[in-house]
Amino acid sequence: MASARRDIKLDTLQQKATRRFIFGMVVGDVLAFALLLDVFYLRPFYLRPWALSKWHIWLTIVLVLWGIYTHTWLQDADCYYSKMARHGCAPIPSFPNDPFGVWFLLDAARHIKSHTLLARWSGLLSSMGHTFRHRVFPNSGDIIETDEPDNVRAVLSTKFDDWVIPQLRIRAFIPVLGRHSIFTTNGDEWRHARATLRPAFVRDQVADLRCLDRHVNKLIAYIPCDGSSFDLQAMFSKLTTDTISDFMFGRSTDMLGSAPEDGLRFGSCFDVSMQKIANRARLGWLTMLFGDRELDECTSFMNAFVEKYIAEVRNEQDEKEKEDEEGDGKRYMFLNEFLRTGEPDEVIRDQLMSIFTAGRDTTTSVLSYLFFELSRRPDVVAEIQREVEDLNLVDAEQLPTWEQLRNMKYLNWAIKEALRLNPPVATNAREAVRDTVLPVGGGVDGKSPVFVTKGTNIRYIPWAIHRRKDIYGDDADDFRPGRWETLRPTFEYVPFNAGPRICVGQQFALTQIAFVTIRLLQAFKGIERKDDRPPIQKFGINTSMLYGCWVSMTPA
Ligand code: HEM
């Protein structure tokens, strides 16, 4: 790959080429107009009009259209460079020799196939100076790639109003999440969605450990005690499906128990839909031109499934209100609270689908990666087990409290480290709604600001930021929970995003991950790895472990 220095020179050359092109086009336009004059005004003086060839006329029309098009294009370029200079910005490297984004697309497709896309993009970023731009065929606009924490800060926080969720992602997600979802809205509609969802995640609800415990006990009963190997990732996926459905509807899908037929179908439809919308978001509008029957069938089944729950809970609520007014002694249930907001059923359905999407695979991903590392690191297991012992829980019936979970220093470091090396939302994107400036990435040294025109997409890559050796040290790729003793990163660590759109389920997820880890390490004294393949991360909407997490566990 070309060095950053060479790419920046390419960019400067491009400016020179633009100037030369302007000259060429001006000459071209003059010629075209001369031709026009010749055809329509001069020739009739000495030729009969019917003697003009059709070819002559068509050529003239094409030339004029070409002239108008290039004029507009060059004006845009000229305007871009003058605005860039006015803001004190410098050019950024571009993916070499790829004006239409064909090579970038092919390169990405090749690395998606070999499950090396994240490593490839991370490599490109470090070789091209941490911020570069490119195109992806057939989309016309520029995409900026970055793993600069300062740029992430601008996009997510200090210049939040300049950036929105990209239209491409919204169009890809709508078939599954609906048009009212917190993930498919911007501006006031998003603000409203967030304000409605936010109260559901206050601490008391987040810390319903009794509910969590019921599901973890089922997981423990599921784990073979005879030392045979099994895929923990598959089990964590069932666990999170059960816990998130219980949190939302007050009824679990019971994947770890006697899952009903429709619950199983919901799970498989959900998996199919997630993979399909990930591909749509990545491949762009081409995929959206064609219908997808499987996706349509899956989404209508899932909508009916969720609507059935909404109707059931609404009926129960009505009856309860007829019988008595209290209902306070009942366990918290997200849907109960949400129905009280008076939102239409369609909106409630879209938000429930969003919570399910946001909460299931992300948590599964972190738990699976954490246990993958634990199966290779008895020293880390021993350290966490020491902390669990220090809790002085009398027996398996006594649950740790929320405060105890928060205070388990080493366990929380291990979780942070798992989120650093495997952020489930490995890449994220935004679209500029007005001309704006990124603080760094321009110029030969990459320290100058970068001018960004309205409509440009930016992709920031937490996976790459979290592995930068100049931030986390030479051992950035190693799982070392102890590094968190002194680390206090801000935008160098963004597994949950940051700023006004930070993940609302962060505490819910962290509580769940910590609780499950404690319970499993109480019930089992050892975790042995049963697979020597590397932890390759498969990249859908969220990351997952390509080969699963194969382990065996020894009961305590
Ligand atoms: C370890 C687990 C999790 C990770 C790493 C994670 C990460 C993220 C990230 C990166 C975003 C920002 C998406 C964007 O703006 O493009 C986000 C948003 C969100 N997350 Fe999470 N999440 C996790 C778990 C959860 C859970 C368990 C829930 C709910 C039960 C949840 C609910 C949400 C919601 C509703 C948003 C949208 C916030 C908004 O746009 O205002 N997340 N999450």
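**Exercise 1. Which residue is the bridge partner of E145 in β8?**

Let's start with the two strands, and keep in mind that this is a predicted model.

Step 1. Find the strands: β2 covers residues 143-146, and β8 covers residues 457-460.

Step 2. Check how they run. β2 and β8 pair in the parallel sense, over four bridges.

Step 3. Read off the partner: E145 is matched with R459 in β8.

**Exercise 2. Work out the strand order of the sheet that holds β2 and β8, and say which strands stand at its edges.**

Step 1. Go through the pairs one by one. On one side of β2 you'll find β1, and these two are antiparallel, with four bridges. Here H134 sits opposite I143 in β2.

Step 2. Now move on from β8. Strand β5, residues 428-432, is joined to β8 by four bridges and runs antiparallel to it. In this pair, E431 stands opposite N457 in β8.

Step 3. Add the next neighbour of β5. β3 and β5 are joined by two bridges, again antiparallel. V164 has E431 as its bridge partner in β5.

Step 4. Put the pieces in a row: you get an open sheet of five strands, β1-β2-β8-β5-β3, with mixed pairing. The edges are β1 (131-134) and β3 (163-164), each of which pairs on one side only.

**Exercise 3. Is β5 mostly covered or mostly exposed, and which helix lies across the sheet strands β1, β2, β3, β5 and β8?**

Step 1. Look at the strand itself: four of the five residues of β5 are buried, so to speak of β5 as mostly covered is fair.

Step 2. Look for a helix on these strands. Helix α5, residues 149-158, lies across β1, β2, β3, β5 and β8. The angle it makes with β8 is about 125°.

**Exercise 4. In the open sheet of three strands, why is one side of β4 and of β9 left without a neighbour?**

Step 1. Write down the order, which is β4-β12-β9, with antiparallel pairing.

Step 2. Spot the edges. β4 (230-231) and β9 (524-529) each have a single partner strand, so each keeps one side with no neighbour in the sheet.

Step 3. Zoom in on one pair. β4 is joined to β12 (residues 550-555) by two bridges, and the two run antiparallel. The bridge partner of F230 in β12 is V551.

**Exercise 5. Describe how α15 packs against α18.**

Step 1. Know what to look for: two packed helices are described by the angle between their axes and the distance between the axes.

Step 2. Fill in the values. The axes of α15 and α18 (residues 409-421) come within 9 Å and cross at roughly 110°.

Step 3. Put that into words. Angles of 65 to 115 degrees count as roughly perpendicular, and α15 and α18 are therefore roughly perpendicular to each other.

Step 4. List who meets whom: V366, Y369, L370 and E373 come from α15, while A414, I415, A418 and L419 come from α18. By class, this contact has seven nonpolar residues, no polar ones and one charged residue.

**Exercise 6. Is S365 buried or exposed?**

Step 1. Place the residue: S365 lies in helix α15.

Step 2. Count its neighbours. S365 has 28 C-beta neighbours inside 10 Å, and the cut-off for buried is 20 or more. S365 therefore counts as buried.

Step 3. Ask what S365 touches. Leaving out residues up to four places away in sequence, its contacts are N422, P424, N542, T543 and S544.

Step 4. Compare that with S229, which is 136 residues from S365 along the chain: their C-alpha atoms are separated by 19 Å.

**Exercise 7. Which helix gives the most to the shell around the ligand?**

Step 1. Pick out the helices that supply at least two shell residues each: α7 (187-197), α15 (345-374) and α21 (506-523).

Step 2. Choose the winner. α15 gives the most, with seven residues.

Step 3. See who comes nearest. Of the 22 residues around the ligand, these are A358, G359, T362, C503 and G505.

Step 4. Sort the shell by class: 13 residues are nonpolar, seven are polar and two are charged.

Technical notes. Residues numbered from 1 in each chain as written. Predicted model: local features only at pLDDT ≥ 70, side-chain atom pairs only at ≥ 80, totals over all residues. Near = placed C-beta within 6 Å. Nonpolar A, V, L, I, M, F, W, Y, C, P; charged D, E, K, R; others polar. Pairing = 2+ DSSP bridges. Axes fitted to C-alpha atoms, helices over the stretch in contact; angles between N-to-C directions. Parallel < 35°, antiparallel > 145°, perpendicular 65-115°, else oblique. Contact = placed C-beta atoms within 7 Å. Buried ≥ 20, exposed ≤ 12 C-beta atoms within 10 Å, placed from the backbone.
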